[in-house]
Amino acid sequence: DAMCFAKPVVCSVADGTEKRLVREGYNGYYFNNGDADDLARVLELLLADSQRLRTFGERSLAIIKNEINIHTVIEGYKNAFEFVMKLP
């Protein structure tokens, strides 16, 4: 959701979707899961630079608009279903 509103992302490793959405040092940062000190470090790094916040946010929105969104996900499912239907 944050990316749709042109916000940078801070996350830990979760279900795997973050690997396609969050690009370390490009539109956000990862922190070590369960590590509050690492989360604080990453937030301080991000919040220390207002230009970085804007740039990362713009990059997040561009990823959603151009690469990963409901349209591209549906197209991926459609291609997968078409591939499976062609198998003997």
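Here is a quick tour of this structure, from its overall layout down to single residues.

What you're looking at is a predicted model. Its chain has four helices and two strands, and going from the N terminus the order is β-α-β-α-α-α. Two nonpolar cores, two aromatic pairs and a pair of unbonded cysteines are good places to begin.

**Overall shape and surface**

- The chain has a radius of gyration of 16 Å, whereas a compact globule of 88 residues would come in near 12 Å.
- Along the principal axes, the C-alpha atoms take up a box of roughly 55 × 25 × 15 Å.
- Of the 88 residues in the chain, 25% are buried.
- About 6300 Å² of the chain is exposed, and 59% of that comes from carbon and sulfur atoms.
- Take the contacts between residues at least 6 apart in sequence: 48% of these join residues at least 24 apart.

**The nonpolar cores**

- In soluble globular proteins, nonpolar side chains tend to be buried together.
- Here, the largest nonpolar core is made of seven residues, namely M3, V9, C11, V22, I63, I64 and I68.
- Strand β1 (9–11) and helix α3 (50–66) are the elements that contribute two or more residues to this core.
- There's also another core lying apart from it, with five residues, including Y29, F31, L46 and F56.

**Two members of the largest core, up close**

- Start with M3: once you set aside neighbours within four places in sequence, M3 touches V9, L21, N27, S60, L61, I63 and I64.
- Next comes V22, which sits in the loop between α1 (18–21) and β2.
- V22 counts as buried because its relative accessible area is 6%, under the 20% cut-off.
- Again skipping neighbours within four places, V22 is in contact with V9, C11, N27, G28, Y29 and Y30.
- V22 and L61 are 39 residues apart in sequence, and their C-alpha atoms are 11 Å apart in space.

**Aromatic pairs**

- How many aromatic pairs turn up in a search of the whole structure? The count is two.
- Y29 and F56 make a tilted pair, with 5.4 Å from centre to centre and 50 degrees between the planes.
- That pair ties together distant parts of the chain: Y29 belongs to strand β2 (residues 28–30) and F56 to helix α3, 27 residues apart.
- Are Y29 and F56 buried or exposed? Both Y29 and F56 are buried, and both are also among the residues of the five-residue core.
- Y77 and F81 form a stacked pair, at 6.2 Å centre to centre with 20 degrees between the planes.
- Y77 and F81 are four residues apart in helix α4 (residues 70–86), so about one helical turn separates them.
- Y77 is exposed, and so is F81.

**The cysteines**

- A disulfide is a covalent bond between the sulfur atoms of two cysteines.
- This structure has zero disulfides.
- Why is C4 unbonded? The closest cysteine sulfur, in C11, is 15 Å from the sulfur of C4, and that's too far for a bond, since a disulfide needs the sulfur atoms within 2.5 Å.
- Seen from the other side, C11 has C4 as its closest cysteine by sulfur, again at 15 Å and too far for a bond.
- C4 is partly exposed, at 46% relative accessible area, whereas C11 is buried at 13%.
- C11 also belongs to the largest nonpolar core.

**Two more residues to look up**

- Most residues other than glycine have a negative phi.
- A6 has a positive phi, near 60 degrees, and isn't a glycine.
- You'll find A6 in the segment before β1, and A6 is partly exposed with a relative accessible area of 28%.
- E75 is located in helix α4, where E75 counts as partly exposed at 36% relative accessibility.
- E75 and R54 are 21 residues apart along the chain, with 30 Å between their C-alpha atoms.

Methods:
Residues numbered from 1 in each chain as written. Predicted model: local features only at pLDDT ≥ 70, side-chain atom pairs only at ≥ 80, totals over all residues. Heavy atoms only, no water. Buried < 20%, exposed > 50% of the residue type's maximum accessible area, 1.4 Å probe, protein only. Core = buried A, V, L, I, M, F, W, Y, C linked by side-chain atoms within 4.5 Å. Contact = heavy atoms within 4.5 Å. Rg over C-alpha atoms; globule rule 2.2 N^0.38 Å. Areas by Shrake-Rupley, 256 points an atom, 1.4 Å probe, with all protein chains shown as cover. Phe/Tyr/Trp six-rings, centres within 6.5 Å; stacked < 30°, edge-to-face > 60°.
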